[in-house]
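Hi everyone, thanks for coming. Please take a moment with the picture on the screen, and then I'll walk you through some of what I found in it.

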There are 2 protein chains.
Amino acid sequence: MKMSDVAKLANVSPATVSRVLSNPELVSKETRKKVLDVINQVNYKPHIVARQFRTQETKMILVVVPDITSAFFSKVLRGIEHMAIDHGYQVILGDTEHDINRELEYINLLHQKQVDGMVLLTARIDKEKLQDISAHFPMVLACEYMDGLDVPTVSIDNISSARKATEHLIQLGHKRIAHITGPMNIILSRDRLKGYRQAMLGHDIPIDSAYIQEGELTFESGYDQTMKLLALEAPPTAIFAFNDEIAMGAMKAAKDSGLSIPNELAIIGFDNIKMAMMVEPGLTTIDQPKYAIGKKAMELLLKQINNESIKKKKFVLKDELIIRQTCGAEQQTVSHV
Amino acid sequence: MKMSDVAKLANVSPATVSRVLSNPELVSKETRKKVLDVINQVNYKPHIVARQFRTQETKMILVVVPDITSAFFSKVLRGIEHMAIDHGYQVILGDTEHDINRELEYINLLHQKQVDGMVLLTARIDKEKLQDISAHFPMVLACEYMDGLDVPTVSIDNISSARKATEHLIQLGHKRIAHITGPMNIILSRDRLKGYRQAMLGHDIPIDSAYIQEGELTFESGYDQTMKLLALEAPPTAIFAFNDEIAMGAMKAAKDSGLSIPNELAIIGFDNIKMAMMVEPGLTTIDQPKYAIGKKAMELLLKQINNESIKKKKFVLKDELIIRQTCGAEQQTVSHV
DNA sequence: CTGAAAGCGCTTACAG
DNA sequence: CTGAAAGCGCTTACAG
């Protein structure tokens, strides 16, 4: 059943059927009713690919995620998704599993006009390429921020958040503070490390390079790196972990080593994934406004797709220090200025 | 830049360019080289929507998920995704957030030919409708199983797994065993409740209806339901939770009530999400082969898309009882027959 | 091995 | 307010 069949049954032209579907206000009430009756009767569904082909837009957007199983990204995705659906867009998920080649493959979908735009939640490809793509297609970078990159971006200020996390430990009297970073080819890892450094130096605490351990973004890695740290001659009394999952690995390592948290080892995470409140003791962490980041990113993407001008390109949303039990501070919430 | 432009530059017909791209073996070596050179030189990318329109297939499949933030489903998704990509298919994600209307909307993508097939990881719509769709479009139901439904299905045997989980508690000497179920409009909830009943009755343990609490599929709900159970005059000594997230809520409730796990309250979960091994004490649970379920489901979908016959429609994969610390049994792994 | 031509199912500028 | 007609960019059956 195609449009011309419906047209015949309703005694109108295909053009009219098309209008009833896409611009009903252009059609008289009676004609509209006549056509709609036929459509309902035969349960006609327009062939969307034909429409996409004709209008040269797919009403689909691509979201490139480094790890779909991550609790953090799935929340950002929700924000993107809701905004997308509200505006008639479908979301295609591109899970790269941290593989730059798969990232490139997904970006191909833009070139092939399979999607109208793209939200990157990760960017391993280099700045120039990114810039080039952004010049030709609607695109937004979310969660990460690249200095000097002329692409619309939504994220928190990771450096300042990391500084704040570290300072929280300093304020609680810690000096031997370790940092378990993520892989250094991820911008976020470098940013959070910067924040850690700033906090330490800002308080005249020398940084012991043995206290900086590069790990993977996993629970297991958090466990392993912590075990290494605890085996040092002068083990740290506190750990700032790149994210909550790593922090939980650190918690497990502490427990397995017979150390009580927070008394013998304080731990702070990053992201505030749901699990952070479930573990025992509750994990102190930096909350990212995950859903809001997703929404804002999609909003910026829609503007580009609709050729609206974007005055501001860099959006920095607020984080929040969530104090639970793993650092020993009294429980409260401190908002970020 | 379109195909005809490439054709002109290479001094061939558009048909030949098309062949070079889709059926290179039909083109002579020299012509092929000539065309490929031009393609590379001008960085031509075919317009995929045009191709989709012409060939009437999109090379996209839809996966309908009830909750994209769930650790369980994201693993199943990975399995689907890998299988899909290996066969040249893209995955569109339909997150219903347990809303039957959004489920129906996504199913519309099939009718509109926007996708070549669909994997349902949830089915709230009724059996007849499901059957009807399956008769017209490639479709697979995964994770859930509907009795008497003539649609390819991949899942574990939830009833027997739930029975096994309950029996694990019985074997450890428990008689006052509670079950926190999921919402009763979800098939899986009903199945697992059935398994619980079978185990109890099979061991001549009377079922106290107060011991069966219906909750939502969340940590919070697990917490609340457990608090209710613990407030009973004769509180249960063990809880079988519908899934791990609920079980972790139960753990938290036990701790907040000053009960030690497993000595004063034993808890068993379901799914074996990653978090189950991270919590303290480690959560005893039923492992579902999440990745394998996803792969198998996609495999069945591909068969349908390619019009291969499916001899067997119901695939039941093996679960596994994972013994950790929350039930007090010695740690080991018992495979399911 | 290659080309000319038809056609996939819509939408929209144009004319009336 | 409505219709006739062109055309979006490919693929493929057919002919040579």
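Let's begin with Glu81(A), which counts as buried at 5% relative accessibility. Please keep in mind throughout that this is a predicted model. What does the side chain of Glu81(A) meet in a salt bridge? Its partner is Arg78(A), at 4.0 Å from N to O. Arg78(A) counts as buried too, because its relative accessibility is 12% and the cut-off for buried is under 20%. You can find both residues in helix 5 of chain A, which covers residues 71-86. Glu81(A) and Arg78(A) sit 3 residues apart there, about one turn of the helix.

That pair also has wider connections. Arg78(A) and Glu81(A) are linked in a network of salt bridges with Asp67(B), Asp95(B), Glu97(B) and Arg102(B).

Now let's look at another salt bridge, the one in which the side chains of Glu97(A) and Arg78(B) meet, at 3.2 Å from N to O. Why does this pair join two chains? Glu97(A) lies in the loop between strand 2 (90-95) and helix 6 (100-111) of chain A, while Arg78(B) lies in helix 5 (residues 71-86) of chain B, so the salt bridge runs from one chain to the other. Is each partner buried or exposed? Glu97(A) is partly exposed, with a relative accessible area of 26%, whereas Arg78(B) counts as buried at 11%.

For a further example, turn to Lys59(A) and Glu57(A), whose side chains meet in a salt bridge at 3.8 Å, N to O. Here Lys59(A) is partly exposed, with a relative accessible area of 34%, and Glu57(A) counts as partly exposed at 32%. If you are wondering about the total, a search of the whole structure finds 29 salt bridges over all chains.

Next, a look at a single helix. Helix 3 of chain A takes in residues 29-42, which makes 14 residues. From its first C-alpha to its last it reaches 20 Å, close to the 20 Å expected at 1.5 Å a residue. Which residues of helix 3 of chain A are buried? They are Val35(A), Val38(A) and Ile39(A). These three cover an arc of only 100° around the axis, which puts them on the same side of helix 3 of chain A. On the other side of that helix, Lys29(A), Glu30(A), Asn40(A) and Gln41(A) are exposed.

Now for the DNA, beginning with strand D. Which of the 26 residues around DNA strand D come nearest? Thr16(A), Arg19(A), Thr31(A), Ser18(B) and Arg54(B) do. Arg54(B) has a polar side-chain atom 2.3 Å from a base oxygen of DNA strand D. Other contacts go to phosphate: an N or O atom in the side chain of Arg51(B) is 2.7 Å from a phosphate oxygen of DNA strand D, and a polar side-chain atom of Lys2(B) lies 3.1 Å from one. Helix 2 (14-22) and helix 4 (48-55) of chain A, along with helix 2 (14-22) and helix 4 (48-55) of chain B, are the elements that give two or more residues to the surface near this strand. Helix 4 of chain B gives the most, with 5 residues. By class, the residues of that surface divide into 11 nonpolar, 9 polar and 6 charged. As for the DNA itself, 60% of the atoms of DNA strand D within 4 Å of the protein belong to sugar or phosphate, and the rest to bases.

Over to DNA strand C, which 26 residues surround. The closest are Ser18(A), Arg54(A), Thr16(B), Arg19(B) and Thr31(B). Sugar and phosphate account for 61% of the atoms of DNA strand C that come within 4 Å of the protein. Chain A offers, among others, Arg51(A), with a side-chain N or O atom 2.7 Å from a phosphate oxygen of DNA strand C, and Ser22(A), with a side-chain N or O atom 3.3 Å from a phosphate oxygen of that strand. From chain B, Ser28(B) places a backbone N or O atom 3.0 Å from a phosphate oxygen. Which helix gives the most to the surface near DNA strand C? Helix 4 of chain A does, with 5 residues. By class, this surface has 11 nonpolar, 9 polar and 6 charged residues.

That's my tour, and thank you for listening!

Terms used: Residues are numbered from 1 along each chain as its sequence is written. Chains are lettered from A and ligands numbered from 1 in the order in which they are written. This is a predicted model: local features need pLDDT of at least 70, side-chain atom pairs count only at pLDDT 80 or more; totals for chains, interfaces and linings use all residues. Side-chain values use heavy atoms; hydrogens and water are left out. A residue is near a molecule or strand if one of its heavy atoms lies within 4 Å of it. A polar contact is a pair of N or O atoms within 3.5 Å; within protein, one must be able to donate a hydrogen and the other to accept it, and residues adjacent in sequence count only if both atoms are side-chain atoms. Helices (H or I, at least four residues) and strands (E, at least two) are DSSP runs, numbered from the N terminus. Ala, Val, Leu, Ile, Met, Phe, Trp, Tyr, Cys and Pro count as nonpolar, Asp, Glu, Lys and Arg as charged, and the others, Gly among them, as polar. Buried means under 20% relative accessible area, exposed over 50%, partly exposed in between (1.4 Å probe, protein chains only). The expected span of a helix is 1.5 Å times one less than its number of residues. The arc is that of the directions from the helix axis to the C-beta atoms.
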